[in-house]
Amino acid sequence: MATASTSLPSAGPASDSRALLSRLRDGDEIARLITFIFAATVVLISILLVLELWHDSALPRHKFGFAFFRTTTWNPIEGEFGALPFIYGTVVTAAVALLIAIPLGIGAAIFLAELAPTRISDTLEFFIDLLAAVPSVIYGVLGVFIVVPLMRQFIAPWLKRILGFLPLFQGPAYGVGFLTAGIVLAIMVIPYIISVSREVLLSVPSDQREAALAVGSTRWESTWKVVVPFARSGILGSIFLALARSLGETMAVAMVIGNDPKISASLFAPGYSIAAVIANELAEATSELHTQSLIALGLVLFLLTFILNGLARILIVVTSQRGAGTARA
Amino acid sequence: MNRRLRWRKFVSNVMLTLTGVCAAVSVSALILILGYLVVRGGASINWNFFTKLPAPVGEIGGGMANAIVGSGKLLLIATLIGVPIGFLGAIYLAEFSGHRMAFIVRYSADLLNGVPSIVIGIFAYSVAVLPFKQFSTLAGGFALGLMMIPITLRSTEEFLRSVPNTLREGAMALGASKWKTIATVIVPAAYRGILTAILLAFARVAGETAPLIFTALGNSFWSPGWTQPTASLPVTIYNYALSPYEDWHRQAWAGGLVLLGLILIINIVARGILARGISVSRS
């Protein structure tokens, strides 16, 4: 017993170091450690990002509290900062964008997934994927030079004539404004909706279609009452993705919304969005409070998109698993 | 009954036609708009655009040479930051990590990927601009690099996982250590996919504007070294498009075409590489 306990400490380190040496010679532990450091960097960055946003928005949080979200005055010179006009602009433009993009995008996705021959569907999908890669500043340029003049000369007068009794479509149309920004956003997010929705529609097992057709549905009934409900949560996921993207979009909106921190009932009126005001003012913010109020707006945007993206991911995963589960069964 | 059936068939045809109309409207609107960009950009582009500095306000001519070089420098830094972290992180996820760590890393990457680019810009601004009180190429490249990480990481991991396990087992059965297996068998087997992932990440950040506005700022002249504000193609396009000068509008179109061409070419090349398949067929 006594000899064993005395011999152990001397044998232990020797065998340990020999084992360590052999593992080091293979290099596995080193490779593991190095790659681990890089993987951990990713985690570290996202934690830092959240902490930084929180820490650097402390001033307006303490000074204004929740009034920050309720007040409408944004006056950097007087040091008054209210976020409501920006939140309003962000929400309204995203809503307009989705109202346009959802029917068009889902209709197109149904066509591509259910009706179009595979070759046409795949070719168009290739183009749509490329369009999803077009940078937003280019959509902004197109918005400034095409959509804004069109809005001033044709779309706004036409809407006023037909729907002018609604407060939404009254007042002077400058070309820039909520509606223009919404249209440009819609053009931007349609490729996302088509691409993801087509994918989930294609993942619906064909037994479902065949069963519906076999009991006498028309082609449309099998699509609308069986296939689409089956893929419902995935389609909803694509909409959430599009929403998150519209809320966070900066350049395209900043270029066509008019950059005026006002809340107006008219969709023709110029407004402002969270992302746009950050882009325009952060580089030139002079007071600490101004900078931090902008960062607080960034925090709001971060939380909104964080929640929406999370929901979208859950919905898309659920649908594709459901498709796979039924196909296997 | 017969009438009802006819009605149902009628509805079916109408609705199916409508979906076709939706597809036609979406696709043709998108293609028309980009076609217009190609026409306007093509008419505006000339050799000076690539070789000259911006002309002083009011003068006709000049180009975006400094913005093109600036974008190149920014993207170089972005690649140096984004690719190693994304690539090696993905190797850890696919080859070494346990479930819990993998979940945390993936979750963080998805979080980074979903953050609006302007928020990434704010982060880069507080980390890389405020402490040094200086807008710089480095800060802009840092912001873009952050955006490259999650795209590279997630798709590289996917391609590494698609390498069949028999290859891993074969290499290890011959006595190769794990890292040797990774370096000489698994990564080469997945290299097309990994290259695609990196190219797509590159294309994605090449057009990013928002995070550059308050990190790299902009510059009407050459930006020497790495610690000065620099012009970049997307930010210059943005500024020119909003300016009141006709000749700057023309250059914004030209810049848009160059940027779009670059990004579309990278995308098509990336897809082409991938379409030829992962070089080892799955067993």
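**Exercise 1.** In this predicted model, H8(A) passes H11(A) in a right-handed crossing. Work out how the two helices run relative to each other.

*Solution.* Start with the geometry: helix H8 (residues 178–202) and helix H11 (residues 232–248) of chain A pack at an angle of about 155 degrees, and their axes are 9 Å apart. Angles over 145 degrees count as roughly antiparallel, so that's what H8(A) and H11(A) are to each other.

Next, look at who touches whom. On the H8(A) side, the contact includes A:Leu185, A:Val189, A:Tyr192 and A:Val196. H11(A) brings in, among them, A:Gly234, A:Ile235, A:Ser238 and A:Arg245. Sorted by type, the residues of this contact come out as ten nonpolar, five polar and one charged.

**Exercise 2.** Is helix H11 of chain B (residues 233–242) largely enclosed or not, and what does it pack against?

*Solution.* Count first: eight of its ten residues are buried, so the rest of the structure largely encloses H11(B). Among the buried ones are B:Leu233, B:Ile237, B:Tyr238 and B:Tyr240.

Now find their partners. From chain A come helix H7 (136–163) and helix H12 (251–256). Chain B itself supplies helix H3 (65–96), helix H10 (210–213) and helix H12 (246–275).

**Exercise 3.** Decide how far you'd trust chain A, start to finish.

*Solution.* Check the average: chain A has a pLDDT of 87, with 90% of the residues scoring at least 70. Then check residues 1–11 of chain A, where pLDDT is below 50 and the model has zero contacts beyond near neighbours in sequence. Where pLDDT is low, don't read the predicted coordinates in detail.

Definitions and conventions:
Residues are numbered from 1 along each chain as its sequence is written. Chains are lettered from A and ligands numbered from 1 in the order in which they are written. This is a predicted model: local features need pLDDT of at least 70, side-chain atom pairs count only at pLDDT 80 or more; totals for chains, interfaces and linings use all residues. A residue is buried if 20 or more other C-beta atoms lie within 10 Å of its own, exposed if 12 or fewer, and partly exposed in between; C-beta atoms are placed from the backbone. Helices (H or I, at least four residues) and strands (E, at least two) are DSSP runs, numbered from the N terminus. Two residues are in contact if their C-beta atoms, placed from the backbone, lie within 7 Å. pLDDT is the predictor's confidence in each residue, from 0 to 100. Axes are lines fitted to C-alpha atoms, for helices over the stretch in contact, and angles run from 0 to 180 degrees between N-to-C directions. Angles under 35 degrees count as roughly parallel, over 145 as roughly antiparallel, 65 to 115 as roughly perpendicular and the rest as oblique. A crossing is left-handed if the near helix is turned anticlockwise from the far one by less than a right angle, and right-handed if clockwise. Ala, Val, Leu, Ile, Met, Phe, Trp, Tyr, Cys and Pro count as nonpolar, Asp, Glu, Lys and Arg as charged, and the others, Gly among them, as polar.
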